[in-house]
Amino acid sequence: MELFTFYNVENLFLPDVKPVHKYDPTKSGLRNWDERKYSNKLFKIAHVFQLIKEENGVLPFIIGLSEVSGRKVLEELVEMDPFNSQYGIVHYNSMDERKVDVAMLYDKSKVEVIDSEAITFFFEITNKNTEYYDTTRDVLYSKLKYKGEIINVFIAHLPSKREKDVNKPKRDFIMEEIRNRILNIVSSSSEHIILCGDFNENPDDENLTNILYDNNHEKMLENPFSELFFTGNYSTFHYKSGLLFDQIILSKSFFNDQNNEGVSFESAGIFKSEKISSRNKQFAGRPFRTYAGTRYLGGYSDHFPVFVKFK
């Protein structure tokens with residue numbers, strides 16, 4: 001059995017340099033983000049993967065991450081138990097205005113990286129005065145080799161939903177670009193494809209429905225998180241609403257029952273251990289987050305990790 005995991009780790013930044021003046025903006029944008037809080041955060045993220053290992057008997061062979069800032073936080077993370085420097089890193093600095101990126105970690109004893117690139121998006125500013133203009137995070141693409149099979153991995157963190165969802169056109173555009181790239185792979189090879197990320201949309205939203213089909217309206221991808229969503233399973237919350245923005249979508253090649261030799265889909269889930277859940281009874285069953293607004297809570301993340309098990 002192998003595990004593939006995606007985790008939005010909520011603002012994994014290096015500690016801020018002490019500001020000269022009290023109200024100077026910080027690099028992280030977080031309140032009093034110091035060495036102690038950073039070390040605690042790093043320990044907690046590593047602990048999540050220790051818990052995943054205890055529950056499943058193995059660490060994930062591939063891990064997609066979002067909301068990490070820079071390579072150094074990843075280098076310090078993979079040095080910790082349970083990774084113990086056995087994991088490689090694929091990361092590019094994105095043009096995102098908050099300097100948060102997506103990244104991939106992989107078990108160097110199992111996975112070989114053949115190729116990787118950052119797919120970058122630039123959006124024209126139509127209104128120079130808009131307060132909602134921002135550059136956005138890259139989509140990370142990696143071509144991997146695992147036990148003689150090729151796996152194409154796309155990791156995304158799409159622009160967030162804000163007032164009146166001004167970022168929807170950006171999400172539409174990015175998803176269309178990913179879909180076109182997936183179409184090219186599907187039409188020219190039988191290689192596996194994994195698309196994972198924080199899509200800032202639920203499985204039943206139009207973008208995530210459209211991407212499952214090719215131009216002939218034939219299914220090319222399966223989203224095992226649709227069923228989880230419809231049965232009331234969520235990875236994050238906004239006020240009273242449960243959301244399943246974190247998903248792992250797979251090519252049909254993983255569902256080929258005749259493929260006894262290769263990797264095939266077994267199950268999908270949300271890792272909702274009590275140990276990484278809120279300590280507040282009012283928010284029972286929700287992730288134990290690092291910050292609530294500007295208030296430091298000292299938790300793990302405002303998202304639960306999601307995973308797929310492969311046979």
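In this predicted model, strand E7 (residues 149–157) runs parallel to strand E8 (residues 192–198), and seven bridges join the pair. One point of register is easy to pick out: Phe154 has Leu195 of E8 as its bridge partner. In general, the strands of a sheet pair through backbone hydrogen bonds, in either a parallel or an antiparallel sense. Both E7 and E8 belong to an open sheet of six strands, ordered E5-E6-E7-E8-E12-E9, in which the pairing is mixed. Strand E5 (111–119) and strand E9 (221–222) form the edges of this sheet, each pairing on one side only.

Helix H3 (residues 168–188) lies across E5, strand E6 (139–146), E7, E8 and E9, and runs at about 175° to E7. A quick check of its length works out nicely: at 1.5 Å a residue, the 21 residues of H3 should span 30 Å, and this agrees with the 30 Å between its end C-alpha atoms. Buried residues of H3 include Ile174, Met175, Ile178, Ile182, Leu183 and Ile185, and also the charged-type names Lys170, Arg171 and Arg179. Among the elements that cover the buried residues of H3 are E6, E7, E8, helix H4 (206–210) and E9.

Turning to helix H2 (residues 71–78), the buried positions are Val73, Leu74, Leu77 and Val78. These residues cover an arc of only 125° around the axis, so they sit on the same side of H2. Their packing partners are strand E1 (2–12), helix H1 (35–56), strand E2 (62–68), strand E3 (87–91) and strand E4 (101–107).

Terms used:
Residues are numbered from 1 along each chain as its sequence is written. This is a predicted model: local features need pLDDT of at least 70, side-chain atom pairs count only at pLDDT 80 or more; totals for chains, interfaces and linings use all residues. Side-chain values use heavy atoms; hydrogens and water are left out. Buried means under 20% relative accessible area, exposed over 50%, partly exposed in between (1.4 Å probe, protein chains only). Helices (H or I, at least four residues) and strands (E, at least two) are DSSP runs, numbered from the N terminus. The arc is that of the directions from the helix axis to the C-beta atoms. Contact means heavy atoms within 4.5 Å. Two strands pair if DSSP finds at least two bridges between them. Axes are lines fitted to C-alpha atoms, for helices over the stretch in contact, and angles run from 0 to 180 degrees between N-to-C directions. The expected span of a helix is 1.5 Å times one less than its number of residues.
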